[in-house]
Amino acid sequence: MNSWSIQLQFDNITINLQASSLAFLQQMSKFINVTINNPDYRDSETERGIFRTAPEQSCDLSAYFKNAVKIMKDGEYDDSYSMSIAFNKCNWVHLSIRGNALNNLINELEIAIDEWSS
């Protein structure tokens with residue numbers, strides 16, 4: 001069975017994961033393309049300053065990794081996401097992805113998909 005070493009790099013942290021398939025690249029890219037700047041994926045404010053988050057605003061990528069990996073739309077903002085990665089039941093990393101980090105992620109996804117597809 002093939003396995004790919006994936007390196008995620010954000011500001012002050014680099015995370016290495018093993019992926020069983022590179023199909024997660026397309027799933028992640030599609031999720032971001034559908035949800036970014038889309039008012040249908042904004043959180044509704046239930047009370048002043050308190051927002052409802054929805055499960056439809058997340059993309060579970062765990063099937064492609066040995067770890068639990070999920071990317072979620074931060075519906076309070078049009079261009080903000082978070083990613084959760086579990087290393088075991090007790091150790092999780094939760095990353096915010098917005099601004100330049102999000103732009104870099106989108107660019108790197110496009111490059112990786114182009115390379116993988118050719």
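**Notebook: pocket, helices and one salt bridge**

I began with Q7, which I count as exposed because its relative accessibility is 51%, just past the cut-off of over 50%. The model I am reading is predicted, and I keep that in mind for every entry below. I placed Q7 in strand 1, and I then looked up how far this residue lies from E76: the two are 69 residues apart in sequence, and their C-alpha atoms are 28 Å apart in space.

**Entry: the largest pocket**

I turned to the largest pocket, for which I noted a volume of about 480 Å³. I found 20 residues in its lining, and those closest to the centre are Q7, L8, L105, E108 and L109, so I met Q7 again here. I asked myself which elements give two or more residues to this lining. They are strand 1 (4–10), helix 1 (23–35) and helix 2 (100–117). Helix 2 provides the largest share, with eight residues. When I sorted the lining of the largest pocket by residue class, I wrote down 13 nonpolar, four polar and three charged residues.

**Entry: helix 1**

I checked the length of helix 1 next, where 13 residues at 1.5 Å a residue should span 18 Å, and I found its end C-alpha atoms 19 Å apart, which agrees. I listed its buried residues as F24, L25, M28, S29, F31, I32 and T35. Looking down the axis of helix 1, I saw these buried residues fall within an arc of 160°, so they line one face of the helix. On the other side of helix 1 I noted K30 and N33 as exposed.

I looked more carefully at I32, which lies in helix 1 and is buried, with a relative accessible area of 1%. I also took its distance to E56, which is 24 residues away along the chain, and the C-alpha atoms of the two are separated by 12 Å.

**Entry: helix 2**

For helix 2 I counted 18 residues, with a reach of 26 Å from the first C-alpha to the last, close to the 26 Å expected at 1.5 Å a residue. Which residues of helix 2 are buried? I recorded L102, L105, I106, L109 and I113. These residues cover an arc of only 100° around the axis, which puts them on the same side of helix 2. The face turned away from this buried side carries the exposed residues N100, E108, D114 and E115. I recognised L105, E108 and L109 from the pocket entry, where they are among the residues closest to the centre of the largest pocket.

**Entry: N37**

I stopped at N37 on account of its backbone, as its phi is near 55°, a positive value in a residue other than glycine. I noted beside this that most residues other than glycine have a negative phi. N37 lies in the loop between helix 1 and strand 3 (44–47), and I count N37 as exposed because its relative accessibility is 53%.

**Entry: the salt bridge**

Last, I asked how many salt bridges the structure holds. I found one, in which the side chains of R98 and D74 meet at 3.4 Å, N to O. I located R98 in strand 8 (residues 92–98) and D74 in the loop between strand 6 (68–73) and strand 7 (80–86), so the pair ties together parts that are 24 residues apart in sequence. I then checked whether the two partners are buried or exposed. R98 counts as partly exposed, with 41% relative accessibility, and D74 is also partly exposed, with a relative accessible area of 21%. I added a note that D74 sits just past the limit for a buried residue, because buried means under 20% relative accessible area.

Technical notes
Residues are numbered from 1 along each chain as its sequence is written. This is a predicted model: local features need pLDDT of at least 70, side-chain atom pairs count only at pLDDT 80 or more; totals for chains, interfaces and linings use all residues. Side-chain values use heavy atoms; hydrogens and water are left out. A salt bridge is a side-chain nitrogen of Lys or Arg within 4 Å of a carboxyl oxygen of Asp or Glu. Helices (H or I, at least four residues) and strands (E, at least two) are DSSP runs, numbered from the N terminus. Buried means under 20% relative accessible area, exposed over 50%, partly exposed in between (1.4 Å probe, protein chains only). On a 1 Å grid over the protein atoms alone, a cavity is a set of points where a 1.4 Å probe fits but cannot get out, and a pocket is an open set with protein on both sides within 12 Å along at least five of seven lines; lining residues have an atom within 4 Å of a point. Grid points are joined across faces, edges and corners, and a volume is the space filled by probe spheres set on the points. Ala, Val, Leu, Ile, Met, Phe, Trp, Tyr, Cys and Pro count as nonpolar, Asp, Glu, Lys and Arg as charged, and the others, Gly among them, as polar. The expected span of a helix is 1.5 Å times one less than its number of residues. The arc is that of the directions from the helix axis to the C-beta atoms.
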